[in-house]
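Please open the model in a viewer and keep the selection panel at hand. The stops below are arranged as a tour, each beginning with what to select.

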Amino acid sequence: MRHLKTIALALVLVWSACLVPMHGAQAQTSQQAAAPDYQTWRAFAERAETLIDQRFTPDEDLVTLRGELVGFRSQFLAAQDANSTRIATLREQIAALGPPPEEGATEAEEVASRRAELNEQLAQLQAPGIAAQEAFRRADGLVRQIDHIMRERQAEALLTLWPSPLNPVNWVSAADAVWGTAFTFGTQVTGALQDPAYLREFRSNLPIVGLLFLVAGFVLMRGRAWIERLVGRWLDEGADRKSKRVLAQIMSLTQIIVPVAAVVALGTALVLTSLTGEIGAALASALVQAGIGYFTARWAGRQLFPVHESRRAPLQLPAPRRREGRFMANLAGLFMGLNVIISTVFDPARQSDAANAVIAFPLMVLAGVVLFRLGALLSMHFRLAAADGGETRFFDRIVGVFGKLAMIIGIGAPLIAAVGYVQAAQALLYPSLVSLGLITGLVFLTQLVDDTYDIVTNRGPDDPDALVPALIGFGLVLLSLPVFAIIWGVRPTQLLEVWQVLREGFSIGETRISPTNLLSFFVIFSIGYLATRMVQGALDSTVLPKTKIDKGGQKAIISGTGYVGILLAALVAISTAGINLSGLAIVAGALSVGIGFGLQNIVSNFISGLILLIERPVAEGDWIEVGDTMGTVRTISVRSTVIETFDRTDVIVPNADLISGKVTNWTRYNSLGRIIIPVGVAYGSDTRKVARILKEIGDGEPLALLDPEPQVHFVDFGADSLDFELRLVLSDVGFGLSVRTELRHQIAERFKEEGIEIPFAQRDIWLRNPEALRGEPAPLAKVEPRDPRDENARTKMRYDEITETDAGSGDADGGR
């Protein structure tokens with residue numbers, strides 16, 4: 001099977017990728033030591049250009065040619081850095097001589113002679129790198145040209161319209177192809193039976209062939225079922241024991257290994273008969289690949305759709321749906337295996353397009369139905385998970401997306417194949433089934449890693465999810481990406497090329513960064529970081545507690561040590577890794593402008609945090625007031641300060657507010673603080689007696705200082721009371737609220753005993769028309785008739801009206 005071969009090749013690529021870094025430095029040194037043979041390269045490049053220009057060059061030749069070109073390109077890429085150290089030294093020497101003289105100016109003869117000599121050496125050292133760059137450009141251009149041709153051919157093949165398999169006219173071609181292949185196979189078997197040499201070989205191998213047939217038949221008929229029952233019983237018994245569950249999961253792989261071994265024995269027996277001919281030998285090889293596909297799919301179905309109910313099952317489905325899922329997984333493996341056998345026996349290159357379309361179409365329809373049903377089961381899991389009412393996991397959402405895609409491909413692939421786009425349908429359908437199997441393998445590995453981590457760390461079922469298994473699972477997903485790429489048609493040579501480019505690194509300006517540099521950087525930086533943390537821990541626990549530095553100063557020293565240590569670790573790591581950042585100066589300058597605008601608040605808070613840690617106007621444990629926030633400082637970081645208020649809530653205040661705003665620190669240098677309690681007594685009270693009582697109460701407070709002693713002041717004649725103030729300086733102002741409360745209790749009790757009244761504001765209200773409140777009509781005023789001609793009467797009337805109006809206004813004012 002093509003997909004099984006590509007998966008195996010991808011696993012080899014992943015394994016080689018893990019081994020390459022161990023020998024990367026040695027290989028790179030050897031490549032730089034051996035200079036490329038440019039004469040051989042030019043001859044090869046001319047031949048490659050001739051083959052590329054030919055229109056009908058086979059794909060196999062182009063793939064081989066591309067691999068050789070990639071090898072040359074790797075040599076040229078390594079040669080570009082030849083003499084880089086010596087070139088950098090020469091440039092520094094030339095720079096030390098100063099800038100060259102301007103046009104018409106002269107310089108000292110010794111300096112000019114030395115400058116010319118160094119420039120000549122520099123040109124000679126740069127020549128190999130320039131030649132390597134030119135050859136690299138040519139090789140890279142040829143590789144990209146081949147890739148373009150291969151992509152065009154692949155797209156053309158996928159978009160090629162074959163005769164429709166639904167047309168009965170094309171069935172004749174398919175029947176001829178089947179009959180021709182069967183006739184050829186029968187002819188080969190008949191010829192082998194009539195050949196004495198093949199008969200003698202068959203008789204000599206007959207015991208081995210018979211034994212292999214017996215073993216393969218027994219394992220396939222009985223051994224496979226025994227293994228499945230045994231693993232199932234272990235999984236049931238180990239449901240609550242992680243160690244036994246891990247062992248059962250590992251042993252479940254025997255459901256693939258043992259049957260596949262039996263299929264290999266069967267294929268070997270067919271080959272050893274020497275009677276099957278060329279087609280029989282190819283059929284035996286295809287049978288092994290088909291067996292691998294079928295039993296892998298069967299195992300994957302039992303992993304996704306377990307026989308027994310389990311909370312650890314990847315898909316939470318009812319029992320009937322799980323049974324359907326296992327059946328569909330078996331059918332998926334069967335159809336993929338049949339596709340391998342049909343593709344091997346009926347070679348598409350030897351058949352017509354019509355015959356290939358008709359032969360492949362029925363199997364594609366069946367595989368499409370299976371893929372659709374599997375997608376429906378995946379979508380059902382997502383719907384059931386969402387119906388629980390809780391928050392759906394990322395895994396559940398991904399399963400839902402894959403389910404919908406599988407349903408679309410399961411319906412769409414047979415439809416476009418019915419139209420005639422058979423190759424495009426095959427490129428969608430079978431890779432989708434193989435991808436589902438690979439996803440199942442990833443789920444199996446992540447569960448195995450999770451259970452193994454639980455055993456090692458003794459993590460309980462109620463403990464939160466750990467980070468290490470999640471990171472390992474993420475790494476497994478990344479490692480599987482090349483396998484997915486190969487399944488969907490990416491050539492292994494392209495993956496090798498990508499890995500080669502990553503291993504060689506990439507250039508940013510004049511700076512080349514490779515995985516070796518990055519690995520060296522992270523190792524050195526990690527060592528420096530750990531050393532910094534160790535120094536901070538020693539200062540915090542051993543050195544600083546023995547000094548007289550206060551807590552805030554100790555915190556500032558520890559934080560400053562951390563920043564300096566991390567900065568030094570980064571500088572040493574960059575220098576050790578050989579990363580030249582001088583070429584990034586312009587880029588860094590451009591980025592600094594954007595960072596300055598976008599992160600100015602963060603930078604401002606960072607600088608303010610450093611000022612707080614150095615000047616320490618506010619320290620941890622201080623009682624401060626910032627705006628409307630009052631409380632105790634808990635922590636001071638480089639960005640913000642956490643203040644715990646008196647109602648036990650944490651308020652995060654940016655450090656810039658503590659530097660630029662108004663801050664009241666009640667306990668900066670000591671905990672002393674003054675409190676003032678205002679007291680009002682009624683007019684007529686004995687003021688001397690009031691002052692004496694307040695003084696006695698103040699002197700009786702245990703937290704009040706004797707020097708200065710509590711003071712009582714007669715401060716004002718208020719509107720409603722005689723105003724006094726009791727002022728005390730407490731040894732700990734943090735208890736100011738409780739002291740105020742207690743003193744007020746004592747003042748109220750003493751004033752009650754001494755008969756001293758604490759007044760409250762009073763107001764007299766006069767109602768102008770109280771009858772309106774009782775709902776009675778207002779009485780009518782009696783007006784004596786006057787002669788309008790009487791001037792005195794009119795004058796008196798006006799006077800009375802004005803007087804009544806003024807009186808009413810005065811009453812109204814008085815009422816207010």
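## Stop one: around Leu65

Select Leu65 and display its surroundings: apart from neighbours within four places in sequence, Leu65 is in contact (heavy atoms within 4.5 Å) with Phe44, Ala48, Leu51, Ile52 and Ile146. This is a predicted model, in which local features need pLDDT of at least 70 and side-chain atom pairs count only at pLDDT 80 or more, while totals for chains, interfaces and linings use all residues. Residues are numbered from 1 along each chain as its sequence is written, and side-chain values use heavy atoms, with hydrogens and water left out.

Leu65 belongs to helix α3 (residues 59–79); helices (H or I, at least four residues) and strands (E, at least two) are DSSP runs, numbered from the N terminus. Is Leu65 buried or exposed? Leu65 has a relative accessible area of 6% and is therefore buried, the term meaning under 20% relative accessible area, with exposed over 50% and partly exposed in between (1.4 Å probe, protein chains only). Add Leu142 to the selection: Leu65 and Leu142 are 77 residues apart in sequence, with their C-alpha atoms 9.7 Å apart in space.

Next, select Tyr38, Trp41, Phe44, Phe72 and Phe76, which form one aromatic cluster. Rings of Phe, Tyr and Trp (its six-membered ring) pair if their centres lie within 6.5 Å; planes under 30 degrees apart count as stacked, over 60 as edge-to-face and the rest as tilted. The count of aromatic pairs by this rule is 13. Phe44 of this cluster is also one of the contacts of Leu65.

## Stop two: helices α14 and α15

Select residues 422–457, helix α14. The expected span of a helix is 1.5 Å times one less than its number of residues. The 36 residues of α14 should therefore span 52 Å, and the end C-alpha atoms are 53 Å apart, which agrees. Just after α14, Asn458 has a positive phi of about 60°.

Move to residues 467–487, helix α15, whose 21 residues should span 30 Å; the end C-alpha atoms are 30 Å apart, in agreement. Where does α15 bend? The bend is at Ser480, by about 30°, and Pro482 follows within four residues; the bend is the angle between axes fitted to the seven residues ending there and the seven starting there. Buried residues of α15 include Gly473, Ser480, Val483 and Phe484. Just after α15, Gly489 takes a positive phi of about 110°.

## Stop three: the β5–β6 hairpin

Select β5 (residues 640–645) and β6 (residues 650–654), an antiparallel pair with 5 bridges. Two strands pair if DSSP finds at least two bridges between them. Thr641 has Val653 in β6 as its bridge partner. Within the 4 residues between the strands, look for Arg648, with a positive phi near 65°.

## Stop four: the open sheet and its helices

Select the 3 strands of the open sheet, in the order β8-β10-β9 with antiparallel pairing. Its edge strands, each pairing on one side only, are β8 (673–681) and β9 (711–717). From one strand to the next, the twist averages 25°. Strand β10 (residues 722–730) is joined to β8 by 9 bridges, and Val729 in β10 is the bridge partner of Arg674.

Now add helix α22 (residues 687–699), which lies across β8, β9 and β10 at about 20° to β10. Helix α23 (residues 736–754) lies across β8 and β10, at about 25° to β8. Axes are lines fitted to C-alpha atoms, for helices over the stretch in contact, and angles run from 0 to 180 degrees between N-to-C directions.

Finish at Pro708, in the loop between α22 and β9. A cis peptide bond, with omega of about 0°, joins Asp707 and Pro708.
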